[in-house]
Amino acid sequence: MISLKDALKLSGEEIKNLRIELEEKIKKEKQLGAYVEQLADLPLAKFGEGIPVAIKDNIQVKGWSVTCASNILQGYVSPYNATAINKLIEHNMSPFGRTNMDEFAMGSTTESSFYGKTLNPLNHAHVPGGSSGGSAAAVAGGLAIAALGSDTGGSIRQPAAFCGCVGFKPTYGRVSRYGLAAYSSSLDQIGPITQNVEDAAILYDAIAGYDKMDSTSANVEFETISDKLDPNKKLNICVIKNYVENADEENKTALLKTIEKLKSHGHNITYRNLEDSKYDVATYYIIATAEASANLSRYDGIRYGRRADSKNLKELYINSRSEGFGEEVKRRILLGTFVLSSGYYDAYYIKAQKARAHIKAQYEEILKENDLIFMPIAPSTAFKFGQIKDPLSAYLSDIYTISVNLAGLPAVSVPVSKAQNNLSISAQLIAKAWDEQTLMDGALSLENIIKG
């Protein structure tokens with residue numbers, strides 16, 4: 001598949017031919033489930049002009065059905081573009097098909113979608129990750145040049161890692177959330193999933209920047225990074241030793257080899273343990289579900305999407321939500337409502353916010369003396385469908401990604417090795433807030449070392 005960098009050099013006629021080629025591939029590979037079904041068959045005129053970029057089904061595109069892969073939003077058509085979409089169009093790119101996802105971005109496997117599961121292009125028996133599994137599968141399967149996803153607790157980085165792509169979560173507030181269906185408002189961030197590091201930087205440059213339409217957008221200085229990438233910069237990289245050692249044997253071996261390669265190419269490696277990961281999981285799920293319970297209260301069968309048959313208003317609310325939301329979404333709404341309820345708000349939610357401040361301070365301390373942090377994306381490679389049946393076990397699989405969102409830091413996943421069954425192993429790099437340049441310099445250096 002042509003890279004985003006090279007695609008941006010194509011003529012108008014060449015872009016048209018590229019889009020036709022992609023449309024044919026999407027139809028042939030429909031069983032992959034990367035795209036939301038009803039959008040894969042739309043005529044090209046619906047997608048506008050410009051380089052085609054796949055869009056996760058929770059980002060608003062004017063005139064498109066946007067459903068967050070949920071039954072409750074069937075029938076909703078977006079009346080406006082998200083800021084990220086407008087920025088794409090300004091940079092000669094355009095939305096090209098909605099990608100599948102876990103319902104309302106709640107999940108790590110893309111199995112909870114109303115439209116059915118997405119398969120991992122590297123091995124169809126294994127999950128593609130989530131919640132941006134459709135975006136990652138589209139890029140990895142050659143059905144998209146690049147894609148946008150959203151990351152609340154690893155939902156860009158983890159599926160990118162499982163599918164062998166590059167997944168980039170910018171600093172919280174760097175990319176506008178205007179037009180992104182909110183899961184957890186203080187954690188969500190839009191970002192790119194691409195074939196390589198340079199493409200990720202190019203797509204990031206297109207969508208980043210302050211937006212007055214978004215109250216969580218940070219009005220801080222922004223400079224493009226793709227034109228300044230320097231893979232030859234020697235960096236101080238702190239390895240989270242116990243996270244690497246606690247990964248399964250295959251991941252551990254690959255990551256240790258990667259660390260040695262970084263050393264041999266002149267990067268300075270130090271080691272540090274983080275012992276509070278169990279608090280990261282608890283903190284994340286208290287805050288995320290609390291915010292989700294508030295955000296999802298707007299889906300009531302009246303204002304948006306699907307409305308269930310009912311005899312009165314109370315029955316309308318109950319039936320619309322009971323029929324419209326899937327099991328995982330209901331589970332998280334219940335948990336979030338519980339931790340915000342009278343008598344439990346102080347015991348859970350306030351404590352979680354204090355723990356969040358502690359997690360952020362830990363990262364800041366490490367990054368005072370280091371340019372980057374190195375750790376796994378997940379404890380293992382992509383697991384098989386049905387392998388994780390207990391919801392709590394699924395939550396624990398996010399152990400290496402969620403703390404980055406709690407701290408609001410930028411992070412990227414870069415493939416470093418091939419595992420058994422044709423699966424991929426990736427490393428995660430984390431940088432200081434607003435220092436996407438150093439992050440992607442390090443990521444490009446790592447990518448070049450692996451390819452070399």
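**Figure 1. Thr152 and its neighbours in the predicted model.** Let's start with Thr152, which in this predicted model touches Tyr183, Ser184, Leu187, Asp188, Tyr284 and Asn405, leaving aside residues up to four places away in sequence. Thr152 sits in the loop that joins strand 3 and helix 6. Its relative accessibility is 1%, so Thr152 counts as buried. One of its neighbours deserves a second look: the side chains of Thr152 and Asp188 form a polar contact at 2.5 Å.

**Figure 2. The annotated active site: Lys56, Ser131 and Ser155.** An unreviewed UniProt entry gives the feature "active site" to Lys56, Ser131 and Ser155. These residues are spread over 100 residues of sequence, yet they cluster in space, with a largest C-alpha distance of 11.1 Å. Of these residues, Ser155 is included in the lining of the largest cavity.

**Figure 3. A close-up of Ser131.** Where does Ser131 lie? Ser131 is in the loop between strand 2 (93-99) and helix 5 (133-140). Ser131 is counted as buried because its relative accessibility is 0%. Not counting residues up to four places away in sequence, Ser131 touches Lys56, Asn100, Met101, Asp102, Ala105, Met106, Gly107, Thr110, Ser150 and Ser155. Both other annotated active-site residues, Lys56 and Ser155, are thus among the contacts of Ser131. Take a look at the backbone here too: the peptide bond leading from Gly130 to Ser131 is cis, with omega near 5°.

**Figure 4. A close-up of Ser155.** Ser155 belongs to the loop between strand 3 (146-150) and helix 6 (157-163), the loop that also holds Thr152. With a relative accessible area of 6%, Ser155 is buried. Apart from residues up to four places away in sequence, Ser155 touches Lys56, Ala105, Gly107, Gly130, Ser131, Ser132 and Ser150. For a detail at the atomic level, find the backbone nitrogen of Ser131, which lies 3.1 Å from a polar atom of the Ser155 side chain.

**Figure 5. The largest cavity.** This cavity holds about 90 Å³ of space. Its lining is made up of 15 residues, and Gly107, Ser108, Ser155, Tyr284 and Asp398 lie nearest the centre. Two of these names may be familiar by now: Ser155 comes from the UniProt "active site" feature, and Tyr284 is touched by Thr152. Sorted by class, the lining has five nonpolar, eight polar and two charged residues. The model has five cavities of 30 Å³ or more.

**Figure 6. The largest pocket.** The volume of the largest pocket is about 410 Å³. It is lined by 25 residues, and those closest to its centre are Thr109, Glu111, Glu328, Arg331 and Ala394. Which elements give two or more residues to the lining? They are helix 12 (327-340) and helix 14 (391-396). Helix 12 gives the most, with four residues. By class, the pocket lining contains eight nonpolar, seven polar and 10 charged residues.

**Figure 7. Helix 4 and the residue that follows it.** Helix 4 (residues 83-90) has Thr83, Ala84, Ile85, Lys87 and Leu88 as its buried residues. Their cover includes strand 1 (51-56), strand 2, strand 3, strand 5 (190-194) and helix 7 (197-207). After helix 4 comes Asn92, found in the loop between helix 4 and strand 2. Asn92 is not a glycine, yet its phi is positive, at about 60°. Its relative accessible area of 38% is why Asn92 is described as partly exposed.

**Figure 8. Thr110, another residue with a positive phi.** Thr110 is not a glycine either, and its phi is also positive, at about 60°. Is Thr110 buried or exposed? Thr110 is buried, with a relative accessible area of 0%. Thr110 is found in the loop between strand 2 and helix 5, and it is one of the residues that Ser131 touches.

**Figure 9. Asp441 and its contacts.** To finish the tour, find Asp441 in helix 16 (residues 436-451). Asp441 has a relative accessible area of 1%, so it is buried. Its contacts, not counting residues up to four places away in sequence, are Lys228, Leu229, Asp230, Pro231 and Lys233. For Asp230, the backbone nitrogen lies 2.8 Å from a polar atom of the Asp441 side chain.

How values were computed
Residues numbered from 1 in each chain as written. Predicted model: local features only at pLDDT ≥ 70, side-chain atom pairs only at ≥ 80, totals over all residues. Heavy atoms only, no water. UniProt positions renumbered as here; feature names shortened; annotations may be inferred. 1 Å grid on protein atoms, 1.4 Å probe; cavity = no way out; pocket = protein on both sides within 12 Å on 5 of 7 lines; lining within 4 Å. Buried < 20%, exposed > 50% of the residue type's maximum accessible area, 1.4 Å probe, protein only. Contact = heavy atoms within 4.5 Å. Polar contact = N/O pair within 3.5 Å; in protein donor to acceptor, adjacent residues only side chain to side chain. Points joined across faces, edges and corners; volume = space filled by probe spheres on them. Nonpolar A, V, L, I, M, F, W, Y, C, P; charged D, E, K, R; others polar.
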